[in-house]
Structures are given as structure tokens and as C-alpha cells.
2 protein chains.
Amino acid sequence: MVSPASPIAVLDSGLGGLTVVRALQQQSPAENILYFGDTARVPYGTKSAHTVTAFVREIITYLQRFRPKHVVIACNTATALALPIIKAEFPHLPISGVIEPGARAAVVAAGSKPIPRIAVIATEATVKSKAYERAICRRRQHAHVDVRATPLLVPIIEEGRDDRDALVRVALTQYLKPIAKKLPDVLVLGCTHYPVFKQLISQMMGERCKVIDSAEQCAQDVTQRLQVSGLASPNEDGGYLKCFVTDDPAKFQSLARRFLGTSILNPVHVTIEELTTPPMPTIELRQAG
Amino acid sequence: MVSPASPIAVLDSGLGGLTVVRALQQQSPAENILYFGDTARVPYGTKSAHTVTAFVREIITYLQRFRPKHVVIACNTATALALPIIKAEFPHLPISGVIEPGARAAVVAAGSKPIPRIAVIATEATVKSKAYERAICRRRQHAHVDVRATPLLVPIIEEGRDDRDALVRVALTQYLKPIAKKLPDVLVLGCTHYPVFKQLISQMMGERCKVIDSAEQCAQDVTQRLQVSGLASPNEDGGYLKCFVTDDPAKFQSLARRFLGTSILNPVHVTIEELTTPPMPTIELRQAG
């Protein structure tokens, strides 16, 4: 049985989902959080729905042993490609993603314009899935939605480059210029890595374009869901954060600060072998005769 | 039993190893080649030795069913992190990599200078492994070896950008300027993706610096090994190329041309589940009593 003291499980392809953890810690500091970063198989954003769904299935199967009260797929690609199937496969587990909250916030930010222009930047796989178009147009049928792939941003951010770097400025200019030309009302950062460059992106898009951070929106959504279901942590003390990664924990620890704002203590290494080995089947032995 | 008609198995994290296949096809057009690209888990260059070794072990275990006469680890990262362990684990299988041939060619190209300056560009993981320093200094003890990580080049190449792109020029300038300043005699392209930009890199490094392509050197090395062991294919017709990938075969097919120069026919999808599921153990049942 889960209780308000049970942890929230947050999963991502690597480091990006830590921006969701950061927002969760700010909004709901009492919550206990388990974070799973699939750093051995990152990135997801260039891979197929079949592959990403298989990875997410393995991770949730692993995380179930900790009896989480809620699972957050804190990765736009995994939400776009795997969320509906995964929800159907784990019917007793409340699972939410990043796209619905981001789309909802975008529509609200666009105000009452009859045909708002909403732009989204995301990974190749998220773009291909058309998940943002669906989520936005379900709420505002006539919205003009312009979703574009910006595949280099994740590796650029993971290399540790900041917004004074010449290459970062060239990449953002190349990606944003054709979007800015169409004068969108809203730009959604459709990947949990991108908030690292939020300030520079806002500056490049100009004052009249509102920039929506899908990580922040996702955290707000989880906080509300827990309040509604009576499962919000009543703790007065701060909750814990425990991290699990599939590749080198030391590397994860050194890069995590940039996304989380604080340090991470002792991340646990879960090898791919551990993750993919199904639990041994129970064999019932009966004595013959 | 293997024979000259048996295939050569070439494996890589994704697409880069196709530059080795291309060189092999040019040098030994009669050879039958199996290519395995681990596109569901690409890239390897940012990951740990433990993880990359586990991936390579799974792939070679899978490829053994085709009874290859030789296995080529056509990925610098996998060679640097996994080759010695993997060779010990598969003692009956001739396995070679890309680093020794590249290092050998670099030392030859450096000529008779008492302290040649040899620069290498590679992935983060290859740099960390110090495999190039070891391979070069074993041959020229006093060589001055300068190995640098250029982590964005793989995602830039996989995005399909060519050398007229402003971002490619900024990235190469940022990475190569500090290397060129030290006036190296030789620069080794220590990643099988990099030959795609060989011309621009040569131009940026200047005429006096020789650029060594580790993919080409690796193919020459395999051709020689097969001739020495009497296993070179005697076919007069061209050999076949059969590809296996762990992610979407259609995407692989569309990107492969850039690396291989020609099209690929019907790549086979091997899912990660197929790759990681060990064969069912044989259980001997004995009747009780």
C-alpha cells in the first residue's frame, strides 16, 4: 500500500529530468524523491518508439520495488513515445508525463487570441510523434503549432557549455531564427534539458514571446495530483532524494549540479544487466510418487 | 569451422563503423561482411568502461551464431575500453580494433623525428582510457602525444551537417585551434565518424600536418591479417554486406549512405530484448525414484 510518505519516482534518459526534480523540490520540499537516470542508454531523443518504450518499461519494473505513490516520466521523448502504452501496462500505478502540463500552460499563456501561434522546440523523436500538436490542438483546435527539432542542444548542454560560448550562440541562432520570424506568442521548451538555456532563449525570442518551461509545469502538475488524491507528504522536514543511474555514478554526480542546483549524494549504480534480467521464475517442485 | 568464405563481423555503436566497412569494401571487395550498429544505445563515447564492455560482449555473443572468421571492433571507444577484456573472454575468435592500426600509421607518418608530435582527437571515453598514449609510446617512447576530446563531432555528424555549415566550422575551430598551435606532425582521427570531415580538418590543420584516418588503417590491418592466416576470400565476385541494428532500421538506412557512400539493403532489426536475453538454460530432468 502506498501512503503520503511513499516516494515519487522520477525517471529520465539521463540528466535532464533533474530540472523536474529541482522544480518539485522547490514546490513540494517535503516529498521523498527517487530519481532514475538511464545514463548508459542516453539519449532517447534520436531513437524509435519501440526502443524507448522497452527502456521505460524496464525502468518502471525496476522502480516498482520501492512502491512509489506516483511515477513521473520527466522526459519529453519518453512521454511522447511511451506514456499511453506504459500507462496501460501498469494500470495500478499513477503515471504522468511532461507534455500535457506543458501544452496546458502554453494554451493558457497564449491568452484569448482566436488563432494563437505556439512554437515548440524538442528532440527529433518528440517532433516525429506529433504529441505536442495533439495535446495543444485538443485544447485550442485552431492553434497554429510549429514544432521543431533541435537535436544538438542536448549534447551541447551535456558537454557543459554555457550561454557565453560562441557555439551555443550559433546553434541557438540557427535553430531559433526561423521560429522567431513567424512571431509566435509562446515557445515551449519541449525537452527537460533546455531550461539550462532559458534566459538566452527568452532573450533571443524577444519580449512578446512567452517561454514555457515543461519541467516546471510538470512539477506543478504532480504537486496538484498528489494534493487531490490526498497523497501529498505531510512531513515538515525536507524529503530525501535518492538517485539511480545505469552508467558511472561519479560522472552523473559531477554533471548533476548544473541541472539540480545542489549536489547529489551517493547515486546508486544499476547495471543494464540488473535492469534487463527478469526476476527468476518461481519453480514449484513436487515430489514424484 | 571457419573458411575463407566465412564473413567478417564489424561492430560499432552506430553508424561510424561504416567508414571501416567502406574502406574494407574498397580494399577487399570479395569479402562478405556483417555489420552490427548498436543504434539503440549509441553513443558509447560518453559512457563508462563497464557499460561499453557489457554492450560489446552482448553483440559478439549475438554475432557468434554467424561463425565469423574475424571480428572487427570498428569503434575507437569500444576498442579503447573493451578490447583486452573481450579478447580474453572469446579466446577462439580473432578480434581486432581500430587503435593499434591508427597508432602504427601515426608513428610511420611522423617519420624519423626524435620527438615527434602526435595529436589525436577522440571521444571523452577514448581520451580517458589513455589507449592512444599507450599504443603510440610503445612504438616511439619519446613521442609527444596530445589526445583531446571533441564530444560534439559525433552528434553534429549524425545530425547530417556538412562542412559548409557555420556551426561545423565554429566547432572544428574551437577544437582544433589549441591543437594546431602546438604544430603537431600528425593528427589521428581517433573516432570512425570523423573521416566525414577529413578534408576540412586537413585544411584547418595546415599542409605540414599529416591526417591519419583510423578507419582506413583498421581496414588495411584486417586485410593483412586475413592474408597472413590464409582466410582472405578467394571470391571473384563482390562479397555481400548484411546489416543488423538495435534501433529503427529505416533511420539507419537513410543515414548510412553518408558513411558508406552507397545504399544499404534491408537492415535487420535486433531488439535489445533479443540481444540481452540469454539463451534458455538447459535443465536436465531426472525421474525421481
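This report describes the symmetry, interface, sheet, core and backbone features of a predicted model with chains A and B.

## Basis

The model is predicted: local features need pLDDT of at least 70, side-chain atom pairs count only at pLDDT 80 or more, and totals for chains, interfaces and linings use all residues. Residues are numbered from 1 along each chain as its sequence is written, and chains are lettered from A and ligands numbered from 1 in the order in which they are written.

## Symmetry and interface

Chain B is superposed on chain A by a rotation of 180° with 0.0 Å of shift along the axis, at an RMSD of 0.0 Å (least squares on the C-alpha atoms of residues with pLDDT of at least 70 in both copies). The two copies are thus related as by a two-fold rotation axis. In chain B, the C-alpha of Arg41(B) is the one nearest the axis, 2.4 Å from it.

The contact takes 25 residues from each of chain B and chain A, where contact means C-beta atoms, placed from the backbone, within 7 Å. On the side of chain B, helix 2 (49-63), helix 7 (153-158), helix 8 (166-180) and helix 12 (272-276) each give two or more residues; helices are DSSP runs of H or I with at least four residues, strands are runs of E with at least two, and both are numbered from the N terminus. Helix 8 of chain B has the largest share, 5 residues. Because 100% of the interface residues of chain B are also interface residues in chain A, the copies meet through the same surface.

## Sheet

In chain A, 6 strands form an open sheet in the order 4-3-1-2-9-10, with parallel pairing (at least two DSSP bridges between paired strands). Strand 4 (95-96) and strand 10 (268-269) of chain A stand at the edges with a single partner strand each, so one side of each is left without a neighbour in the sheet. Strand 9 (241-245) of chain A is joined to strand 10 by 2 bridges, and Val245(A) has His269(A) as its bridge partner.

## Backbone features

The peptide bond from Val42(A) to Pro43(A) is cis, with omega near -5°. Pro43(A) lies in the loop between strand 2 (33-37) and helix 2 (49-63) of chain A. In chain B, a cis peptide bond joins Val42(B) and Pro43(B), with omega about -5°.

Leu183(A), not a glycine, has a positive phi of about 50°. It counts as exposed because it has 12 C-beta neighbours inside 10 Å (exposed means 12 or fewer other C-beta atoms within 10 Å, buried 20 or more, and partly exposed in between, with C-beta atoms placed from the backbone).

Terms used. Two residues are in contact if their C-beta atoms, placed from the backbone, lie within 7 Å.
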